[in-house]
Amino acid sequence: MTEKRIVYQNDEGGICILIPWLGSGLTVEEIAAKDVPHGRPFKILDAADVPTDRSGRDLWAVDEADLTDGVGADYGVGSENPFVMPEPAEEAAVEEEPVPPAQEPVT
């Protein structure tokens, strides 16, 4: 799990917090561009900067002027632009040996 969070405003003026999964092979920035709605600005924060007590989460707010790390790309619902997974750099590519499925005992 990453120690980063992606924050953006929703249509109702509240905030959405995404927890990016880096096992996808994407960077936090690529995940934000892909998962934040088209045209919506976002901010990437350290997880420690996001409150852990969710009891008052309806009161959380963010100033849109602080959402300066990027804007959601046009990959979402209704988009004509499909998301294409970027190719990993050659030095990052890892060849893995296929693991055969476990054999069930014959009874």
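The following conversation works through salt bridges, exposure classes and the largest pocket of a predicted model.

Tutor: Because this model is predicted, local features need pLDDT of at least 70 and side-chain atom pairs count only at pLDDT 80 or more, while totals for chains, interfaces and linings use all residues. Residues are numbered from 1 along each chain as its sequence is written, and side-chain values use heavy atoms, with hydrogens and water left out.

Student: Why is the contact of lysine 4 with aspartate 46 called a salt bridge?

Tutor: The term requires a side-chain nitrogen of Lys or Arg within 4 Å of a carboxyl oxygen of Asp or Glu. In this pair the closest N and O atoms are 2.6 Å apart, so the contact qualifies. Lysine 4 lies in strand E1 (residues 4-9) and aspartate 46 in strand E3 (residues 41-46), 42 residues apart, and the pair thus links distant parts of the chain. Strands (E, at least two residues) and helices (H or I, at least four) are DSSP runs, numbered from the N terminus.

Student: What makes lysine 4 partly exposed?

Tutor: Buried means under 20% relative accessible area and exposed over 50%, with partly exposed in between (1.4 Å probe, protein chains only). Lysine 4 has 31% relative accessibility, so it counts as partly exposed, and aspartate 46, at 38%, counts as partly exposed too.

Student: Which classes do arginine 40 and aspartate 11 fall into?

Tutor: Arginine 40 is partly exposed, with a relative accessible area of 22%, whereas aspartate 11, at 65% relative accessibility, counts as exposed. Arginine 40 forms a salt bridge with aspartate 11, the closest N and O atoms being 2.5 Å apart. The two residues are 29 residues apart, with arginine 40 in the loop between helix H1 (28-35) and E3, and aspartate 11 in the loop between E1 and strand E2 (15-18).

Student: How do you know that aspartate 69 forms a salt bridge with lysine 43?

Tutor: The closest N and O atoms of this pair are 3.7 Å apart, and the limit is 4 Å, so the pair is accepted. A search of the whole structure finds four salt bridges.

Student: What makes the lining of the largest pocket four nonpolar, three polar and three charged residues?

Tutor: Ala, Val, Leu, Ile, Met, Phe, Trp, Tyr, Cys and Pro count as nonpolar, Asp, Glu, Lys and Arg as charged, and the others, Gly among them, as polar. The lining includes Ile15, Pro51 and Trp60, which are therefore nonpolar, and it also includes Arg54 and Asp58, which are therefore charged.

Definitions and conventions:
1 Å grid on protein atoms, 1.4 Å probe; cavity = no way out; pocket = protein on both sides within 12 Å on 5 of 7 lines; lining within 4 Å.
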